[in-house]
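Thanks for coming. I have one structure to walk through today, so please look at it on the screen while I talk.

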Amino acid sequence: MELNKEEKILLYAFLKKHEAELKKELYSLKYRLEKEVFDSLTIEEIQVLDKTV
């Protein structure tokens with residue numbers, strides 16, 4: 001995706017303005033995804049995954 005200078009500035013301003021809210025959303029998404037992934041893996045698979053990340 002290619003953005004022009006004005007679009008980059010607007011996107012940066014939006015992200016700075018909503019940074020705290022976005023961090024909460026990302027943490028929530030990560031937690032939900034982690035729960036779903038870990039619920040479907042064995043202990044051994046989780047250990048392998050943890051070592052690669």
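I will start in a loop. Ser 40 sits between helix H2, residues 19–39, and helix H3, residues 43–52. Please keep in mind that this is a predicted model.

Is Ser 40 buried or exposed? Ser 40 counts as exposed because its relative accessibility is 56%, and the cut-off for exposed is over 50%. Its side chain still has a partner: the side chain of Ser 40 reaches the backbone oxygen of Val 37 at 2.9 Å. As for its place relative to the start of the chain, Ser 40 and Met 1 are 39 residues apart in sequence, and their C-alpha atoms are separated by 34 Å.

Now the whole chain. How many helices and strands are there? The secondary structure comes to three helices and zero strands. Read along the sequence, that gives the pattern α-α-α.

Next, the overall dimensions. Along the principal axes, the C-alpha trace spans about 50 × 25 × 15 Å. The radius of gyration of the chain is 17 Å, whereas a compact globule of 53 residues would have one near 10 Å. Of the 53 residues, 2% are buried. The chain exposes about 5,400 Å², and carbon and sulfur atoms supply 62% of that area.

A word on charge. There are 10 positive side chains and 12 negative ones in the chain. The centres of these two sets lie 8 Å apart.

Let me go to helix H1, which covers residues 5–17. Helix H1 has 13 residues and reaches 18 Å from its first C-alpha to its last. That is close to the expected 18 Å, at 1.5 Å a residue.

Which residue caps the N-terminal end of H1? The cap is Asn 4, with a side-chain oxygen 3.0 Å from the backbone nitrogen of Glu 6. Glu 6 is itself found in helix H1. Glu 6 is exposed, because its relative accessible area is 57%. Going from Glu 6 to Lys 35 takes 29 residues along the chain, and the two C-alpha atoms are separated by 39 Å.

Last, another glutamate, Glu 34, which has its place in helix H2. Why is Glu 34 described as partly exposed? Its relative accessible area is 32%, and partly exposed covers the range between under 20% and over 50%. Twelve residues separate Glu 34 from Leu 22 along the chain, and their C-alpha atoms are 18 Å apart.

To recap, the chain has three helices and zero strands, 2% of its residues are buried, and Ser 40 lies in the loop between H2 and H3. That is all from me.

Definitions and conventions. Residues numbered from 1 in each chain as written. Predicted model: local features only at pLDDT ≥ 70, side-chain atom pairs only at ≥ 80, totals over all residues. Heavy atoms only, no water. Helix = DSSP H or I, 4+ residues; strand = E, 2+ residues; numbered from the N terminus. Expected span 1.5 Å × (residues − 1). Polar contact = N/O pair within 3.5 Å; in protein donor to acceptor, adjacent residues only side chain to side chain. Rg over C-alpha atoms; globule rule 2.2 N^0.38 Å. Buried < 20%, exposed > 50% of the residue type's maximum accessible area, 1.4 Å probe, protein only. Areas by Shrake-Rupley, 256 points an atom, 1.4 Å probe, with all protein chains shown as cover. Lys, Arg positive; Asp, Glu negative; His and termini not counted. Charge placed at Lys NZ, Arg CZ, Asp CG, Glu CD.
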